[in-house]
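The following briefing gathers selected features of the structure shown below, grouped by topic for a reader who wishes to follow them residue by residue.

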Amino acid sequence: MIIEKQHLFRAAAWALAGSLLISAAATAGELSEVALPGNSVYPESIAAAADGTLYVSGLSAGGIYRIKPGATTAEEWIKPGAFDSRSTLGVLVDQKAGLLLVCSNDVSGLGVSGPSSVKGSFVKGFDLATGEGKLSVALPKEGSFCNDFAIAPDGSIFVTNSSSPQILRLKPGASELEVWLESADFNQPKEGAGLDGISFGSDGNLYVNTYTNAEFFRVDVKDGAPGKITKLKASRPLKLADGLRPTGAQTFIMAEGSGSIDRLTVKGDEVDVETIKDGLAGPTSVALVGNTYWVPEGQLAHLFDSKSGPPHLPFRVVGISAGR
């Protein structure tokens, strides 16, 4: 894939490196963890099914790892390169359709070869029961970068494109993605990644963040069409805003690549940011299962900045008590 912004993640490398040092001081008693097999996973996203099964993507290794409820180690579920996939990023369970949605990208322009030679950026869908590839749709613009998903009440799949200020939509039964919204309001950076996390709020509107500029937006939605875009005022500055998931009542959980996971509560045009846990090694996403937040530590600085040295092994998904 020809990536328009060749420094998609490198702009964040030094900030991530600092968080890796902090992580060593985390109190072991506060955390549980699940090890990911292999030495080149660099987990990028996590999603939870209704039964508590977790699915984790691998930016470098590709493929999908599965963590069954109660397991202490992850298993390889989708083999790297399967169904013409490459580097895997955003994942989301579409429970109604029985699919795991996966962003597959060619990241070779950033020095990450991935497990195959497939060019381009795709939405992939794998059957939750069998792991069989069922859905493969290319993002239409050359140089696109599929990052993450949200599912609308009508079953439409919404996708963020990190290399352009675009939100795309795949309607139920459609074979092509359409550009649902493209706007300069999203402040696409000259270097780095733009739109990243995406979720519907309990108000029916769409909420998105941006990675490099670390901003948070609401897109008004009426009858399935986009309306006003509002940049929300955060109670504190965000840093490397990443995976975003709704938890109800206008509240979201979010990962910041600088080292924390947060609870975000939207109140009008403002968003209250509460740090749930910091000192994590480059968290890339978060999923809530029961009373536990599950967080993959991406360690992306070790992948994109040679001065950061080798990653800390094994790669892991950390479980943090929600305390509720």
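**The disulfide and its surroundings**

The count of disulfides comes to 1, in what is a predicted model. The link joins Cys-103 to Cys-146, with a distance of 1.9 Å from S to S, and the two cysteines belong to distant parts of the chain, 43 residues apart, with Cys-103 in strand E7 (residues 99-105) and Cys-146 in strand E10 (residues 146-151).

- The angle about the S-S bond is -60°, and the link of Cys-103 and Cys-146 is accordingly described as left-handed.
- Both partners of this link, Cys-103 and Cys-146, are buried.
- Leaving out residues up to four places away in sequence, Phe-149 touches Cys-103, and its other contacts include Gly-90, Val-91, Leu-92, Val-123, Val-159, Ile-198 and Arg-245.

**Nonpolar cores**

- The largest nonpolar core holds 37 residues, of which Leu-36, Val-123, Phe-149, Val-159 and Leu-177 touch the most other members.
- Separate from this core is a second one of 15 residues, with Ala-152, Ile-167, Trp-180 and Val-208 among them.

**The setting of Val-137**

- Val-137 lies in strand E9, which covers residues 133-138, and with a relative accessible area of 4% this valine is buried.
- When neighbours within four places in sequence are set aside, the contacts of Val-137 are Ser-121, Phe-122, Val-123, Leu-170, Ser-175, Glu-176 and Leu-177; two of these, Val-123 and Leu-177, are also named among the residues that touch the most other members of the largest nonpolar core.
- Leu-170, one of the contacts of Val-137, is 33 residues away along the chain, and the C-alpha atoms of the two residues are separated by 8.8 Å.

**Strand E4 and its partners**

- Strand E4 (residues 64-67) is covered on both faces, with Ile-64 and Arg-66 buried on one side, and Tyr-65 and Ile-67 buried on the other.
- Strand E3 (residues 54-58) pairs with E4 in the antiparallel sense over 4 bridges, and within this pairing Leu-54 has Ile-67 of E4 as its bridge partner.
- The hairpin of E3 and E4 has 5 residues between the strands, and in it Gly-62 takes a positive phi near 80°.
- E4 is also joined to strand E5 (residues 75-78) by 3 bridges, again with the strands running antiparallel, and here Tyr-65 has Glu-76 of E5 as its bridge partner.
- Arg-66 forms a salt bridge with Glu-75, in which the closest N and O atoms are 2.8 Å apart; Arg-66 counts as buried because its relative accessibility is 17%, whereas Glu-75, with a relative accessible area of 30%, is partly exposed.

**The open sheet of 5 strands**

- An open sheet with mixed pairing is made of 5 strands in the order E18-E22-E21-E20-E19, and its edge strands, E18 (233-234) and E19 (241-248), each pair on one side only.
- E18 pairs with strand E22 (residues 270-277) in the parallel sense over 2 bridges, and Lys-233 stands opposite Glu-270 in E22.

**Further salt bridges**

- A search of the whole structure finds 16 salt bridges, and one of them is formed by the side chains of Asp-148 and Arg-245, which meet at 3.4 Å, N to O.
- That pair links distant parts of the chain, 97 residues apart, with Asp-148 in strand E10 and Arg-245 in strand E19.
- Asp-148 counts as buried because its relative accessibility is 2%, and Arg-245, at 9% relative accessibility, counts as buried as well.
- The side chains of Glu-256 and Arg-236 also meet in a salt bridge, at 2.6 Å, N to O; Glu-256 lies in strand E20 (residues 251-256) and Arg-236 in the loop between E18 and E19, so the pair ties together parts that are 20 residues apart in sequence.
- Of these two partners, Glu-256 is buried with a relative accessible area of 1%, whereas Arg-236 counts as partly exposed at 25% relative accessibility.
- Glu-33, Glu-297 and Arg-316 are joined into one network by salt bridges that share partners.

How values were computed. Residues are numbered from 1 along each chain as its sequence is written. This is a predicted model: local features need pLDDT of at least 70, side-chain atom pairs count only at pLDDT 80 or more; totals for chains, interfaces and linings use all residues. Side-chain values use heavy atoms; hydrogens and water are left out. Buried means under 20% relative accessible area, exposed over 50%, partly exposed in between (1.4 Å probe, protein chains only). Contact means heavy atoms within 4.5 Å. A nonpolar core is a set of buried Ala, Val, Leu, Ile, Met, Phe, Trp, Tyr and Cys residues joined through side-chain atoms within 4.5 Å. Two strands pair if DSSP finds at least two bridges between them. A disulfide is a pair of cysteine sulfur atoms within 2.5 Å. A salt bridge is a side-chain nitrogen of Lys or Arg within 4 Å of a carboxyl oxygen of Asp or Glu.
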